[in-house]
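Me: Let's go through this one together, rings and helices. Can you show it to me?

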Amino acid sequence: MDTAYLFLQLFATFFVIGVFTFGGGYAMLSLIQTQVVTLHHWLTEPAFTNIVAISQMTPGPIGINCATYVGYEVLKESGAGYIMSVLGSATATLALILPSFMIVLLMVKFYEKFMGHPLFNGVMSGLRPAVAGLIGAAAVILVFHISWTGLTPHFEVIRDNFPDWKSWVLFGAAMVASLAFKVSPILIIVLGGVAGLLLY
């Protein structure tokens with residue numbers, strides 16, 4: 001594939017994601033996965049899951065980190081050199097934040113004027129559950145491959161993402177530590193990395 005065309009595709013893809021994503025980085029994940037893995041076939045499902053894990057562990061918003069890593073990997077997988085891959089990172093990141101930057105500039109100007117308006121409140125009330133649904137969809141997409149026959153979904157566990165019982169035990173332990181014992185996410189990430197090193 002022509003590198004210039006790939007840059008254009010990358011920019012257009014992440015610009016659209018930036019325009020249509022509400023609710024922050026986790027809500028973006030399902031859209032990024034759909035575009036990058038399902039539609040364009042730039043990355044495999046396990047590679048995308050690895051990128052999400054790295055994006056979570058590195059400082060900064062997960063959606064922007066994910067775009068940065070994806071931009072790099074897409075160019076790298078196409079055979080581009082290091083400099084072009086870094087430019088791929090910059091392209092995806094810029095495309096993702098550009099719509100939000102422009103929209104926030106407009107909202108700052110008009111927010112105080114419209115924040116008490118019933119139409120504004122109605123839109124925000126509709127967006128909140130939609131955002132929760134997108135975050136939930138991101139979690140399901142990372143674990144299952146979902147295919148449809150008519151209106152019936154078929155769920156197939158992605159073996160490369162959760163290859164064995166040890167992965168599920170770590171997942172359960174992290175969930176219990178977070179929900180029941182309110183353990184710091186940073187500590188859970190560190191302990192998960194140590195456990196993975198010892199177990200695998």
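Reply: One yardstick before we start: buried means under 20% relative accessible area, exposed over 50%, and partly exposed in between (1.4 Å probe, protein chains only). This is a predicted model, so local features need pLDDT of at least 70 and side-chain atom pairs count only at pLDDT 80 or more, while totals for chains, interfaces and linings use all residues. Residues are numbered from 1 along each chain as its sequence is written, and side-chain values use heavy atoms, with hydrogens and water left out.

Me: Which class does Phe 15 fall in, by relative accessible area?

Reply: Phe 15 has a relative accessible area of 25%. That value lies between the 20% and 50% limits, so Phe 15 is partly exposed.

Me: How are the rings of Phe 11 and Phe 15 arranged?

Reply: Rings of Phe, Tyr and Trp (its six-membered ring) pair if their centres lie within 6.5 Å; planes under 30 degrees apart count as stacked, over 60 as edge-to-face and the rest as tilted. That rule gives three aromatic pairs. For Phe 11 and Phe 15 the centres are 5.9 Å apart and the planes 20° apart, so the pair is stacked.

Me: And what about Trp 168 and Phe 171, what kind of pair is that?

Reply: Both sit in helix α7 (residues 165-179), three residues apart, about one turn of the helix; helices here are DSSP runs (H or I, at least four residues), numbered from the N terminus. Their ring centres are 6.0 Å apart with the planes at 85°, so the pair is edge-to-face.

Me: Which helix gives the largest share of the largest nonpolar core?

Reply: A nonpolar core is a set of buried Ala, Val, Leu, Ile, Met, Phe, Trp, Tyr and Cys residues joined through side-chain atoms within 4.5 Å. The largest one has 26 residues, and Phe 14 and Val 70 are among those with the most contacts inside it. Several helices, including α1 and α2 (25-39), each supply at least two residues. The largest share is six residues, and it comes from α4.

Me: How do α2 and α4 run relative to each other?

Reply: Their axes (lines fitted to C-alpha atoms over the stretch in contact, with angles from 0 to 180 degrees between N-to-C directions) come within 8 Å and cross at roughly 25°. Angles under 35 degrees count as roughly parallel, over 145 as roughly antiparallel, 65 to 115 as roughly perpendicular and the rest as oblique. So α2 and α4 are roughly parallel.
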